[in-house]
Amino acid sequence: MILGKHVSIAGGLDKSLKRAAEIGCNSLQIFVKNPRGWKARDLSEAEVERFKANREKYNINPVVVHAAYLINLASPKEELWEKSISALKMELMRSARLGAEYLIFHPGSHTGSGLESGIKRIAEALNIILAETDAQLLDSTQILLENTAGAGSSIGQDFSEIKAILDQVEAPEKFGVCLDSCHAFAAKYELKDKSALEKLLLDIENQLGLSKLKVIHLNDSKYISGSKKDEHAHIGEGEIGKKAFAEMINHPKLKDLPFILETPCFDDQVDRDVILLKHLRN
Ligand SMILES: [Zn+2]
Ligand SMILES: [Zn+2]
């Protein structure tokens with residue numbers, strides 16, 4: 001099973017790989033800059049080399065990057081929109097330099113301008129990034145749109161919304177999708193039993209094609225389905241429950257995808273979520 005966790009980059013990007021390996025992961029997710037700010041200092045060549053060396057040493061595959069939360073490609077405000085485009089481009093460059101396979105971002109919030117206009121805005125932004133980025137770079141680091149819990153005016157709680165974005169993108173084949181279990185559950189998808197999971201997968205298949213799905217975020221949910229509240233819980237300790245995760249990680253259509261935990265870190269070096277998931281795997 002390809003299993004990763006979102007780990008800290010405290011002390012340097014290269015430290016993250018050891019952290020993931022120590023808790024028994026063979027994949028990971030990281031931020032490549034402060035996720036709550038716009039600025040980032042340049043990555044040095046030495047840092048990049050250290051990262052790549054550690055990746056080899058700890059055998060971490062794939063490397064997944066999560067973009068900063070401030071980025072809002074759906075914003076109707078010109079300044080924030082442009083800033084967001086530059087920021088995502090910058091994250092893409094950094095991810096590519098590190099050799100990361102995927103860069104995940106949240107589609108964004110229309111903040112009152114309406115769903116349709118927000119979707120159009122995101123597609124326009126992605127088209128700008130496509131036009132301004134070396135095509136090879138987008139092949140080595142693929143940008144993934146993550147489904148959202150649907151809080152406020154956030155876009156992407158339904159896969160039809162992600163489809164609508166990609167329908168307006170000039171090279172949709174360059175982009176993929178990340179499925180977050182907590183977000184899907186909080187938005188509307190019941191995941192508790194097998195038929196509910198099949199319904200979700202059928203929706204992704206019909207809207208996008210399952211081949212678009214590249215990464216799965218495994219998070220339990222503190223709140224009930226339909227709550228639109230995005231709060232991750234440890235696996236089996238939330239409203240989704242252990243059984244649903246066993247179904248997910250063993251499903252023939254999902255089992256070979258990278259599963260990434262975004263649950264809170266435990267105080268010691270033992271990660272109960274990692275242990276539990278390995279136990280649930282057939
Ligand atoms: Zn996310
Ligand atoms: Zn997520």
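Select Lys228 to begin: with a relative accessible area of 29%, Lys228 is partly exposed. Here buried means under 20% relative accessible area, exposed over 50%, and partly exposed in between, using a 1.4 Å probe and protein chains only. Lys228 also has a positive phi of about 65 degrees although it is not a glycine. You'll find Lys228 in the loop between strand E8 (220–221) and strand E9 (232–233). Those labels are DSSP runs numbered from the N terminus, with helices (H or I) of at least four residues and strands (E) of at least two.

A quick word on what you have open. This is a predicted model, where local features need pLDDT of at least 70 and side-chain atom pairs count only at pLDDT 80 or more, while totals for chains, interfaces and linings use all residues. Residues are numbered from 1 along each chain as its sequence is written, chains are lettered from A and ligands numbered from 1 in the order written, and side-chain values use heavy atoms, without hydrogens or water.

Next, click on the zinc ion (ligand 1). Its protein donors are His66 (NE2), His106 (NE2) and Glu146 (OE), lying 2.1 Å from the metal. A donor is an N, O or S atom within 2.8 Å of the metal (3.2 Å for Na, K and Ca), and water is not among the atoms, so sites may look incomplete. His66 lies in strand E3 (residues 63–66) and Glu146 in strand E5, so this pair ties together parts that are 80 residues apart in sequence. Colour by accessibility and both His66 and Glu146 come up buried.

Keep Glu146 selected and add the zinc ion (ligand 2). The two zinc ions are 3.4 Å apart, and Glu146 coordinates both. Glu146 is in strand E5 (residues 142–146) and His217 in strand E7 (residues 213–218), so that pair links parts 71 residues apart in sequence.

Which protein donors does the zinc ion (ligand 2) have? Show Glu146 (OE), Asp180 (OD), His217 (ND1) and Glu262 (OE), which lie 2.0 to 2.2 Å from the ion. Angles among the 4 donor atoms run from 86 to 174 degrees, and the site is irregular. Four donors would be tetrahedral with all angles between 85 and 135 degrees; four would be square planar, and six octahedral, with opposite donors over 155 degrees apart and all others between 65 and 115; anything else is irregular.

Now for the largest pocket, with about 280 Å³ of space. Of the 20 residues lining it, His106, Gly108, Ser109, Thr148 and Ser154 are the closest to its centre. A pocket is an open set of points on a 1 Å grid over the protein atoms alone, where a 1.4 Å probe fits, with protein on both sides within 12 Å along at least five of seven lines; lining residues have an atom within 4 Å of a point.

Select His183, Asp230 and His232 together, since UniProt (unreviewed entry) places the feature "binding site" there. They are spread over 50 residues of sequence yet cluster in space, with a largest C-alpha distance of 8.7 Å. Of these residues, His183 and Asp230 are in the lining of the largest pocket. His183 sits in helix H7 (residues 181–187) and, at 3% relative accessibility, counts as buried.

Last stop: the peptide bond from Asn61 to Pro62, which is cis, with omega near -5 degrees. Pro62 is in the loop between helix H2 (45–58) and E3.

How values were computed. Points joined across faces, edges and corners; volume = space filled by probe spheres on them. UniProt positions renumbered as here; feature names shortened; annotations may be inferred.
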